[in-house]
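Colleague: I would be grateful for a close look at one small sheet of this model and at the helix that accompanies it. Please then connect that part with other pairings and turns in the chain.

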Amino acid sequence: MLKTNPHFKALRAACAQQTLHGVVESFNSYKKLIKMYKRGELSNKPKLPKYRKKGGLAVVSYSRRWVKFTDGQLQFSLGKQVKAWFGIDNFTLPMPTNLSFDDIKEFRFTPRNNNFYLEFVYEQPKVKQVEKTEHILGIDPGLNNWLTCVSTTGKSFIIDGKKVKSQNQWYNKQVAKLKTGALQGYWDEQLAAVTEKRNRQMRDNVDKAARFIINWCLKNKVSTIVFGWNQRNKDGINIGKKNNQSFVQVPTAKLKSRIAQLCEQHGIEFVETEESYTSRSSFLDNDTLPTFGEKPVGEATPKELGWISSGKRVKRGLYRDSKGQLINADCNGAANIIRKINVSTQQLAKVVRGVLSLPHRYFLDNLSRSYRKQHCEADFNPCNNSAHESMFFKAWRTQYSPSLKLSLRMARLLYPILAPQQIPQIFTNLRRGRELGKQAKILLNYRFEENWERPLTEIKAELGLV
């Protein structure tokens, strides 16, 4: 029946079949979820897959064997109906230079906010695994302090969330402005563009924060992350109109999922635990931590009063224990989240008042240069680009014009300022660059664009860069 459908015929037959398989998988998944719901394994009843809205678009997948790669271009074939309509049977797109065609498993065309995105599916290479230790990082999510982290290594830090709030506020203002006087459900290209920009910003924030957390754990040999999370914590929330809007729009759940995904890749144990009473209980006083709905009676507390904490918040961001000592309130919560998994007292020995009082604050704007450092371990290391650039700049100066002498002097002054932590490597590479410039072939004459598919080791050997 579908073979006569013009939309089915417009696609390559294999792609159309793949789309149908996706629909079948959705209904099979729905049947399994319904069975789980009836057995009481799910709290929410799953909904039947719906028809796509009028004018809606679906994801189209191409396996690698259906795509031709010639002269740096990817050629995607189309159906016979498109050729009858428009006289074309394929279209081409450039292949990204940082990916290898042989490594790609699948190509996906994803429609989103009036744009089409080409996604490349490939198997990730093995990454650095963390050394197994007893160190734990407790994470308390919030709003202004997006992630407050306390570690049993005796360190604490905060990832600031004000940038995320600011971007969401800008988005809400733009949407309100564009929808002024319009009917409910109004949507246009401007709204789509603003929404896509906001979504990209949120994805960037999530990726940066998650990568920073993982790299921090690798550097400090932390092999367990405990993330405080209350299920359905955004449903029915009532913390004021403005706070509701800010809290609900912050993508903390996506950040949690991204951290869990990276933990699996790097061999870090990820533990999600409920965070009830972690903010009210005093870590320094070793208060008991009841589960939500369970308030045990304290030993020295009258039975009718139930459970009470030893300390309390005295103002925003400050917590005072029973001895009158002031600590950061969010750090107190993050430390208590670690206690939720019943760790030994010896593991918490380094989590003292000083650790909970002065956490280091990191801003998302300032993570762009530092958060990738641990992740880059290949021969070409863009994180150490200052040291590498100095070497190639010196080789270039040696092979070509003496007029670059002034530029090289400027580089000697600027590189140590831009990357002071790489000063020894910079001057070592300058000497190495002079040697390479003398022994290597003339680099300017080499046609790099014709050799992208060759292994880098072969090109280095051919040019004498070994």
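Modeller: Helix α8 (residues 329-339) lies across β12, β13 and β14, and runs at about 75° to β14. The model is a predicted one, in which local features need pLDDT of at least 70 and side-chain atom pairs count only at pLDDT 80 or more, while totals for chains, interfaces and linings use all residues. Residues are numbered from 1 along each chain as its sequence is written, and side-chain values use heavy atoms, with hydrogens and water left out.

Some terms need their cut-offs. Helices (H or I, at least four residues) and strands (E, at least two) are DSSP runs, numbered from the N terminus. Contact means heavy atoms within 4.5 Å. Axes are lines fitted to C-alpha atoms, for helices over the stretch in contact, with angles from 0 to 180 degrees between N-to-C directions. Two strands pair if DSSP finds at least two bridges between them.

The sheet beneath this description is open and has 3 strands in the order β12-β13-β14, with antiparallel pairing. Its edge strands, β12 (312-315) and β14 (326-328), each pair on one side only. From one strand to the next, the twist averages 45°. Strands of a sheet pair through backbone hydrogen bonds, in either a parallel or an antiparallel sense.

The two pairings can be followed residue by residue. β12 and β13 are joined in the antiparallel sense over 3 bridges, and arginine 313 stands opposite tyrosine 319 in β13. The hairpin of β12 and β13 has 2 residues between the strands, and there glycine 317 takes a positive phi near 90°. Strand β13 (residues 318-320) also pairs with β14 in the antiparallel sense over 3 bridges; here tyrosine 319 faces isoleucine 327 in β14.

Another hairpin is formed by β2 and β3, with 2 residues between them, and aspartate 71 in the turn has a positive phi of about 55°. Strands β2 (residues 67-70) and β3 (residues 73-77) run antiparallel and are joined by 4 bridges, with phenylalanine 69 partnered by leucine 74 in β3. β3 is in turn joined to strand β4 (residues 90-94) by 5 antiparallel bridges; glutamine 73 has proline 94 in β4 as its bridge partner.

Positive phi values also occur in the loop between β5 (104-112) and β6 (115-122), where asparagine 113 lies. Phi of asparagine 113 is near 50°. Asparagine 114, in that loop between β5 and β6, has a positive phi of about 65° although it is not a glycine. Most residues other than glycine have a negative phi. Asparagine 114 is exposed, at 57% relative accessible area (buried means under 20%, exposed over 50%, partly exposed in between, with a 1.4 Å probe and protein chains only).

Helices also pack against one another. Helix α5 (residues 189-220) and helix α7 (residues 252-266) pack at an angle of about 40°, with their axes 9 Å apart. They are therefore oblique to each other (under 35 degrees counts as roughly parallel, over 145 as roughly antiparallel, 65 to 115 as roughly perpendicular and the rest as oblique). Among the residues that meet there are Val206 and Ile213 in α5 and Leu255 and Leu262 in α7.

For the protein as a whole, the secondary structure comes to 13 helices and 15 strands. Of its 466 residues, 37% count as buried.
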